[in-house]
Amino acid sequence: MTTALISHPDCANHVTPPGHPEQVARLAAVLNALEGMPLTRVTAPLVADDDLLRAHPQTHIDAIRAAAPTEGWRSLDADTHMSPGTLTAALRAAGGVVRAVDMVLGGEANNAFVAVRPPGHHAERETAMGFCFFGNVVIGAKHALDYHGLDRVAIVDFDVHHGNGTQDLVEDDPRILFCSTHQSPLYPGTGAAHEVGVDNVLNVPLPEGTGSKAFRDVMERLVLPRIDAFSPQLVIISAGFDAHMSDPLAGMNLTTEDFGWVTERLCDVASTHCEGRVVSSLEGGYDLTALGASAAAHVKVLEERGR
């Protein structure tokens, strides 16, 4: 078995207004950086309504469908815009994570990277925001629990922005452990250490300027032991690469090598508890060169561990 790379050309049809950081070129930068790697390439399906409903009420799904424009853009807030191709792209993004879960839990792949957009970790139960429409990784986690019968899934988010949507969708579900490292203060203003859900949320806010040493330290001292104690049957990663020192939307100072390192450590925990089963899905990362290099470092580790 190998590492699955799940994507779809429809994800390039989500077109944001000129100058928007969550641009079509992001996905091209990631896929170009992964070109030539020995990955099992799989197309992302449209997510099933049953899977969407595990995370979002029908009213939210209907509202997103109704907002989809036939031309131009429709703005849901100052940051979150829909073009004619956005709805299908968002359904592929969520469907790609579900497909990755099916492949990893079904023995078709040891691990998987879902290279899709729009991202998902800011989408709350009934609110699209922060470039996100549906909670992609949560949809995958709840599919693993409800469809595959797992009891414990860990979601780890190292995007520079707090995954407020992920937290909103899981904080009342003790079957899911959510661990997030993120710059604070920064958008969206959530993710304080005292936000703990039903003792299933670990937030590690980090100050602007945080670099490799401090990031690796909190991973070693706080995040990895918490995941280890939870003993997950599947690890899902919200893989945002905007904590890189080159990223224009934040102020952390991680290097490309840090993303390879944290992937190694998360794979170690997955090897201990769940036979290496890891599903990772693209979130942020807005400097195209840093994004491509960081995604390649991340997937290179997955590929090596998936052999």
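## Charge and surface

The protein chain carries 21 positive and 39 negative side chains. The centres of these two sets lie 5 Å apart. The model is a predicted one. About 10,900 Å² of the protein chain is exposed, and carbon and sulfur atoms supply 52% of that area.

## Overall fold

Nine helices and ten strands make up the secondary-structure elements of the protein chain. Its radius of gyration is 17 Å, close to the 19 Å that the globule rule gives for 307 residues, so the chain is as compact as a globular protein of that length. The C-alpha trace spans about 50 × 45 × 40 Å along its principal axes.

Of the 307 residues, 59% are buried. Contacts reach far along the sequence: among those between residues at least 6 apart, 76% join residues at least 24 apart.

## Strand β6

Strand β6 covers residues 153-157. Five of its five residues are buried, so the strand is largely enclosed by the rest of the structure. Buried here means under 20% relative accessible area.

In a regular strand the side chains alternate between the two faces of the sheet. In β6, V153, I155 and D157 point one way. A154 and V156 point the other way. Residues on both sides are buried, D157 included.

## Pairing with β7

Which way do β6 and β7 run, parallel or antiparallel? They run parallel, and five bridges join them. Strand β7 spans residues 176-183. Within this pair, V153 of β6 stands opposite I176 in β7. V153 is also one of the buried residues of β6.

Methods. Residues are numbered from 1 along each chain as its sequence is written. This is a predicted model: local features need pLDDT of at least 70, side-chain atom pairs count only at pLDDT 80 or more; totals for chains, interfaces and linings use all residues. Side-chain values use heavy atoms; hydrogens and water are left out. Helices (H or I, at least four residues) and strands (E, at least two) are DSSP runs, numbered from the N terminus. The radius of gyration is taken over C-alpha atoms; the globule rule is 2.2 Å times the number of residues to the power 0.38. Buried means under 20% relative accessible area, exposed over 50%, partly exposed in between (1.4 Å probe, protein chains only). Contact means heavy atoms within 4.5 Å. Accessible areas come from the Shrake-Rupley method with a 1.4 Å probe; for residues, only the protein chains shown count as cover. Lys and Arg count as positive and Asp and Glu as negative; His and the chain ends are not counted. The place of a charge is taken as NZ of Lys, CZ of Arg, CG of Asp or CD of Glu. Two strands pair if DSSP finds at least two bridges between them.
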